[in-house]
Amino acid sequence: MNLAPSGNYRLMVGTDSQVHKSQTVFITGIVIQNKGKGVWACIRKIVIPRKMTQLHERISFELSLTEDIVSLFTEDRKSRLINIVLPFVYQGATFIMEGHIDIGAGKRNKTSEFVNEMVARMESMGVEPKIKPNAFVASSYANRYTK
């Protein structure tokens, strides 16, 4: 961000999981996108040594892992990021922080009943929640590392 402070930045965090034979793998993706200019990304992997078959438990744990990372961005740290782009706001610079939740609101989606609960949790942290199809850090980026 310091290299191009007039950019349009999105700091996005999201987690996905995959149940395997004897464990459940959780991947949290952390992505900083400068719209039209590329991304920086990394992952954090957590392995739970049991099959987590209850959907609500797994979705809730995914969100807890996302919340863990979001909580590292204290008000002071967020302010430092905002202050990078602040002098360039009138030139179109932006910064937003999003929490990507691997759930969907569609009637056919098994996770639709959890949308209000999970969105409220993200909002309570001061982060803009995104659900499918806009939650690509969880549903696409993190998902590829859960296999």
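This report walks through the strands, helices, pocket and cavity of a predicted model.

## The S1–S2–S3 run

Let's start with the strands at the beginning of the chain. Strand S1 covers residues 8-19, and S2 covers residues 24-34. The two pair in the antiparallel sense, with eleven bridges between them. One of the pairings to look for is valine 19 with its bridge partner in S2, threonine 24. The connection from S1 to S2 is a hairpin through four residues.

S2 then pairs with S3, residues 38-48, again in the antiparallel sense and over eleven bridges. Here asparagine 34 has glycine 38 of S3 as its bridge partner. The hairpin between S2 and S3 has three residues in between, and glycine 36 in that turn shows a positive phi of about 80°. As for burial, ten of the eleven residues in S2 are buried, so this strand is largely enclosed by the rest of the structure.

## A closer look at glutamine 33

Glutamine 33 is worth a stop on the way along S2. Is glutamine 33 buried or exposed? Its relative accessibility is 18%, and the cut-off for buried is under 20%, so glutamine 33 counts as buried.

What does glutamine 33 touch, once residues up to four places away in sequence are set aside? The list is Asn8, Tyr9, Arg10, Met12, Gly38 and Val39. Some of those names come back in the next section, since the lining of the largest pocket includes Gln33 itself, along with Tyr9, Gly38 and Val39.

## The largest pocket

The largest pocket holds about 150 Å³ of space. Its lining is made up of Met1, Leu3, Ala4, Tyr9, Ile32, Gln33, Asn34, Lys37, Gly38, Val39 and Trp40. S2 and S3 are the elements that give two or more residues to this lining. Asn34 and Gly38, the bridge partners from the S2–S3 pairing, are both in the lining too.

Sorted by class, the pocket lining has seven nonpolar residues, three polar and one charged.

## The cavity

What about enclosed space? The structure has one cavity of 30 Å³ or more, and the volume of the largest cavity is about 40 Å³. Around it sit Thr15, Ile59, Glu62, Leu63, Thr66, His100, Ile101 and Asp102.

Helix H1 (55-72) and strand S4 (94-104) each put at least two residues into this lining. H1 gives the largest share, with four residues. The mix by class is three nonpolar, three polar and two charged.

## H2 and H3, each with a buried side

Helix H2 runs over residues 75-85, and its buried residues are Lys78, Leu81, Ile84 and Val85. Looking down the axis of H2, these fall within an arc of 115°, so they line one face of the helix. That fits the usual helix geometry: an α-helix has 3.6 residues a turn, so residues three or four places apart point the same way. The buried residues of H2 pack against S1 and S4.

Helix H3, residues 115-124, buries Val115, Met118, Val119, Arg121 and Met122. These cover an arc of only 155° around the axis, which puts them on the same side of H3. Flip to the other side of H3 and you'll find Asn116 and Ser124 exposed. The cover over the buried residues of H3 includes H1, S4 and strand S5 (128-132). Just after H3 comes glycine 126, with a positive phi of about 80°.

## Glycine 104 in S4

S4 has turned up several times already: in the cavity lining, against H2 and over H3. Glycine 104 lies in this strand. With a relative accessibility of 3%, glycine 104 counts as buried.

Which residues does glycine 104 contact, leaving aside its neighbours within four places in sequence? They are Asn109, Thr111, Ser112, Val115 and Lys132. Of these, Val115 is one of the buried residues of H3. Glycine 38 is another matter: the C-alpha atoms of glycine 104 and glycine 38 are separated by 26 Å, with the two positions 66 residues apart along the chain counted as their distance apart.

Conventions:
Residues are numbered from 1 along each chain as its sequence is written. This is a predicted model: local features need pLDDT of at least 70, side-chain atom pairs count only at pLDDT 80 or more; totals for chains, interfaces and linings use all residues. Side-chain values use heavy atoms; hydrogens and water are left out. On a 1 Å grid over the protein atoms alone, a cavity is a set of points where a 1.4 Å probe fits but cannot get out, and a pocket is an open set with protein on both sides within 12 Å along at least five of seven lines; lining residues have an atom within 4 Å of a point. Grid points are joined across faces, edges and corners, and a volume is the space filled by probe spheres set on the points. Ala, Val, Leu, Ile, Met, Phe, Trp, Tyr, Cys and Pro count as nonpolar, Asp, Glu, Lys and Arg as charged, and the others, Gly among them, as polar. Buried means under 20% relative accessible area, exposed over 50%, partly exposed in between (1.4 Å probe, protein chains only). Contact means heavy atoms within 4.5 Å. Two strands pair if DSSP finds at least two bridges between them. The arc is that of the directions from the helix axis to the C-beta atoms.
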